[in-house]
Number of protein chains: 4
Amino acid sequence: MAVKKGSGGVDAGRLKSFIQRIEKLEEERAGIGADIKEVFSEAKSAGYDTKIMRQVIRIRKMDKADREEQDELLTLYLNAVGE
Amino acid sequence: MAVKKGSGGVDAGRLKSFIQRIEKLEEERAGIGADIKEVFSEAKSAGYDTKIMRQVIRIRKMDKADREEQDELLTLYLNAVGE
Amino acid sequence: MAVKKGSGGVDAGRLKSFIQRIEKLEEERAGIGADIKEVFSEAKSAGYDTKIMRQVIRIRKMDKADREEQDELLTLYLNAVGE
Amino acid sequence: MAVKKGSGGVDAGRLKSFIQRIEKLEEERAGIGADIKEVFSEAKSAGYDTKIMRQVIRIRKMDKADREEQDELLTLYLNAVGE
DNA sequence: CCAACTGAACACGATC
DNA sequence: GATCGTGTTCAGTTGG
């Protein structure tokens, strides 16, 4: 056996690698979360209402999702017609 | 007036900039979320139990948080004594 | 019709009962919250630093959660091996 | 000294008692939280939309708070007149 | 005013 | 494939 394995047939090294990759990514994600918080903080200092800002962002996200849905629908129609 | 403002005295351009920065960051964050999902998917294909993996990651995160809290607590104590 | 129903086919009486049960429980919970607040208040009057107390409680809670998660993880492993 | 004290002048026994009382109360509170969850679960099984139920409960709570505020205001007025 | 805690919404995976 | 339960994440509230 080239690779060390436990009785369960689990390659611990590979598992560890997976877990570390995920932990690394989660750290990055948390870092970005901190960045976002900072931007809100800046905006607040500049006198903006962050609660409203959040609403704006949420609405824009929904609109975007809507538009993408519409696009998908359009594609569907076009494909249907193209047949 | 050098900068265009609405009646509310809000600098719309600056607000827009803040919002766009946040939206950019949120996109990045979502991208990383997708990456994480992929790694789990890979691990699953390699025969690992993702449920267990998640639990392991959660415990490791809690351990880490625990240690950090202990440090904070120590600092608190020291400050309290220092008074 | 034995039971009065609205046009939506919803048994209003039963719904009301559910909601009242929940509201009752939420009141109880709020009451306990008030009790907790009082204890903190007492402790503060006795000269203790509530900030430190909260941190201690938080850490103890995390430790406990940690231990429970470890147990769950062990169970998961055993089940995985048992297959 | 009747009671054992550390150098910081902290009565550890009393502190411990406070913390245990709080932890006990928090457990009770968590128990009630679990009960609430169960009721929602029951309601769901009975075919009710829990999301809407939550809204109803929230609105009723706000109404109640409103009414209490009105009562306080009324009391204030009555007291003012009574003087 | 900042930070922690709580509760709600969402998204994902598991199961039938 | 759809529904169900669960876990994660986000917004709101409260306390320091």
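How many residues of chain C are in contact with how many residues of chain B? The views below start from this question and stay with a predicted model throughout.

**View 1. Where chain C meets chain B.** On each side of this meeting place we find 17 residues: 17 of chain C are in contact with 17 of chain B. Putting the two chains together buries about 1,700 Å², and carbon and sulfur atoms give 64% of that area. Three residues to look for are C:Ile52, C:Met62 and C:Glu69, which supply 31% of the area that chain C buries against chain B, more than any other three residues.

**View 2. A rotation that links the two copies.** Turn chain C by 180°, with 0.1 Å of shift along the axis, and it superposes on chain B with an RMSD of 0.2 Å. The two copies are therefore related as by a two-fold rotation axis. Within chain C, the C-alpha nearest that axis belongs to C:Met62, 3.6 Å away from it. Because 100% of the interface residues of chain C are also interface residues in chain B, the copies meet through the same surface.

**View 3. Charged and polar partners across the interface.** Here the interface of chain C and chain B holds 2 salt bridges. In a salt bridge to zoom in on, the side chains of B:Arg58 and C:Glu69 meet at 3.2 Å, N to O. Residue pairs in polar contact across this interface number 4.

**View 4. Chain A by itself.** Chain A has 2 helices and 0 strands. Of its 83 residues, 20% count as buried. The accessible surface of chain A is about 6,600 Å², and 53% of it belongs to carbon and sulfur atoms.

Definitions and conventions:
Residues numbered from 1 in each chain as written. Chains lettered and ligands numbered in written order. Predicted model: local features only at pLDDT ≥ 70, side-chain atom pairs only at ≥ 80, totals over all residues. Heavy atoms only, no water. Least-squares fit on C-alpha atoms with pLDDT ≥ 70 in both. Contact = heavy atoms within 4.5 Å. Helix = DSSP H or I, 4+ residues; strand = E, 2+ residues; numbered from the N terminus. Buried < 20%, exposed > 50% of the residue type's maximum accessible area, 1.4 Å probe, protein only. Areas by Shrake-Rupley, 256 points an atom, 1.4 Å probe, with all protein chains shown as cover. Buried area = accessible area lost by both parts, 1.4 Å probe. Salt bridge = Lys/Arg side-chain N within 4 Å of Asp/Glu carboxyl O. Polar contact = N/O pair within 3.5 Å; in protein donor to acceptor, adjacent residues only side chain to side chain.
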